[in-house]
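Me: I have a model open and would like to talk through its confidence and its helix packing. Could you walk me through it?

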Amino acid sequence: MTTVVHPGRRPTPRLGTPLGTPPPGRLPALRGLAPNWYAAVMGTAVVATAGAALPVPGARPALAAVWAASALLLAALLTARAGHWLYHRDQARAHLLDPAVAPFHGCLPMAQLAVGTAALAVGGEVIGESAAVVLASVLITTGTLSALVVAAGIPYLMVVRHRVAPGTASPVWLLPVVAPMVAASSAPLLVPYLPEGAWRATVLLGAGALFGMSALATLLLLPLILSRLIHHGPLPLALTPALFLVLGPLGQSVTAAGNMAAADTPYAAALAPLAVVHGVPVLGFALLWLAIAGAMTVRALRRGMPFSLSWWAFTFPVGTCVTGAAGLAHRTGLTALTAVAAVLYGLLVAAWAVAAVRTARGVVSGELLAAPRR
């Protein structure tokens, strides 16, 4: 008999193996595999997508290789997470009931969407254009559906099952609600491959609805996050990279607005000026937050911030700002915006390289795959 205790809830007795002890012969290496691992897929795929958005000659073969790596990593993680649910269901359920881990389930749909989007950008170099479109269609469709599930399901659990103390709001809370925004930026890319008429209009207006649900949810959460920082001070050192997650809904909304305006639909003419009117000020705020988050990260590094999977937060959110700035540069013709996108892409590649090397080292040593101790 074991006792499982969730924060703020009465102990619940359960029969079986203790949470920290994997069942014999049941793939113990998978027990510590949490949903935050999908962040590595997101961060890798966005390197390819963001690079394809910049006018860099001769870069497509390298970007295609990066996309292929992200696709293989996604396939491996989907398989491993299925094994996690099959052989370590108690731990998987504990992740859902843990308010610190549950929001990371938003990484699954974003990983699917990121790989699908990159497939349209450069995947044809590897598997051919037709196969890339089919793969992208499947990943964007399944990613959008799962984004809707986590966007509603995780907040529901936070209200009904989790017990969250006042003043503990975290940027991690944004992960479930930003997933629909990623879908809103990916879905319009499928419009050229759809029949003209109702299909294209449905996808575009659906993307607009996804945009709205994510943007309004983000506007509700950002004041809570800023209030927590101002009244309770900096995040713990290990969680400091999570500050970069705020860039996700900002940069992704700029990208989504641009992609919706570029889609070949009757609404393109009306959306084109809105993409600029929305994109420029939001990108400006994103750059402001980048400066604040960067300063906080330097402070944390000087105080010994350890490496963890949270370092992948330095990648995908910055990548969304690259695609947003590059889209605005293309729409306005301003070289200054291209320069902003290029500088941000340099930061993205550097952060991705560090996170990838440190993650690979942690996997080889077994440190990152260690089962949780309870």
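**Confidence and helix packing**

Me: Glad to look at this predicted model with you! Over which residues does pLDDT stay under 50?
Reply: There is one stretch to treat with care, and the model still has 43 contacts for it beyond four places in sequence. For the chain as a whole, the average pLDDT is 91, and 92% of the residues score at least 70. The stretch with pLDDT under 50 is residues 1-25.

Me: Thanks! Are α1 and α4 roughly parallel or roughly antiparallel to each other?
Reply: Helix α1 covers residues 38-52 and helix α4 covers residues 107-127; their axes are 8 Å apart and make an angle of about 25°. Angles under 35 degrees count as roughly parallel. The two helices, α1 and α4, are therefore roughly parallel.

Me: How many charged residues does the contact of α1 with α4 have?
Reply: On the α1 side, the contact includes Y38, M42 and A45, while α4 contributes C107, L108 and A111, among others. By class there are 16 nonpolar and two polar residues. As for charged residues, the contact of α1 with α4 has none.

Me: Nice. How are α7 and α8 oriented, roughly parallel or roughly antiparallel?
Reply: The axes of α7 (residues 198-232) and α8 (residues 247-262) come within 11 Å and cross at roughly 160°. Since angles over 145 degrees count as roughly antiparallel, α7 and α8 are roughly antiparallel.

Me: Which residues of α8 make the contact with α7?
Reply: The α7 side consists of L204, A207, G208, F211 and T218. By class, the contact has seven nonpolar, three polar and no charged residues. From α8 come P249, S253, A256, A257 and M260.

Me: And what is the handedness of the crossing where α8 passes α9?
Reply: These helices pack with axes 8 Å apart at an angle of about 160°, and they are therefore roughly antiparallel. Their contact includes L250 and V254 of α8 together with L271, F285 and W289 of α9. The residues divide into 16 nonpolar, four polar and no charged. The crossing itself is left-handed.

Me: Is the ring pair of F285 and W289 stacked, edge-to-face or tilted?
Reply: A search of the whole structure finds four aromatic pairs. The ring centres of F285 and W289 lie 6.5 Å apart, and these residues are about one helical turn apart because they sit four residues from each other in α9 (residues 268-302). Their planes are at 45°, so the pair is tilted.

Conventions: Residues are numbered from 1 along each chain as its sequence is written. This is a predicted model: local features need pLDDT of at least 70, side-chain atom pairs count only at pLDDT 80 or more; totals for chains, interfaces and linings use all residues. Side-chain values use heavy atoms; hydrogens and water are left out. pLDDT is the predictor's confidence in each residue, from 0 to 100. Contact means heavy atoms within 4.5 Å. Axes are lines fitted to C-alpha atoms, for helices over the stretch in contact, and angles run from 0 to 180 degrees between N-to-C directions. Angles under 35 degrees count as roughly parallel, over 145 as roughly antiparallel, 65 to 115 as roughly perpendicular and the rest as oblique. Ala, Val, Leu, Ile, Met, Phe, Trp, Tyr, Cys and Pro count as nonpolar, Asp, Glu, Lys and Arg as charged, and the others, Gly among them, as polar. Rings of Phe, Tyr and Trp (its six-membered ring) pair if their centres lie within 6.5 Å; planes under 30 degrees apart count as stacked, over 60 as edge-to-face and the rest as tilted. A crossing is left-handed if the near helix is turned anticlockwise from the far one by less than a right angle, and right-handed if clockwise.
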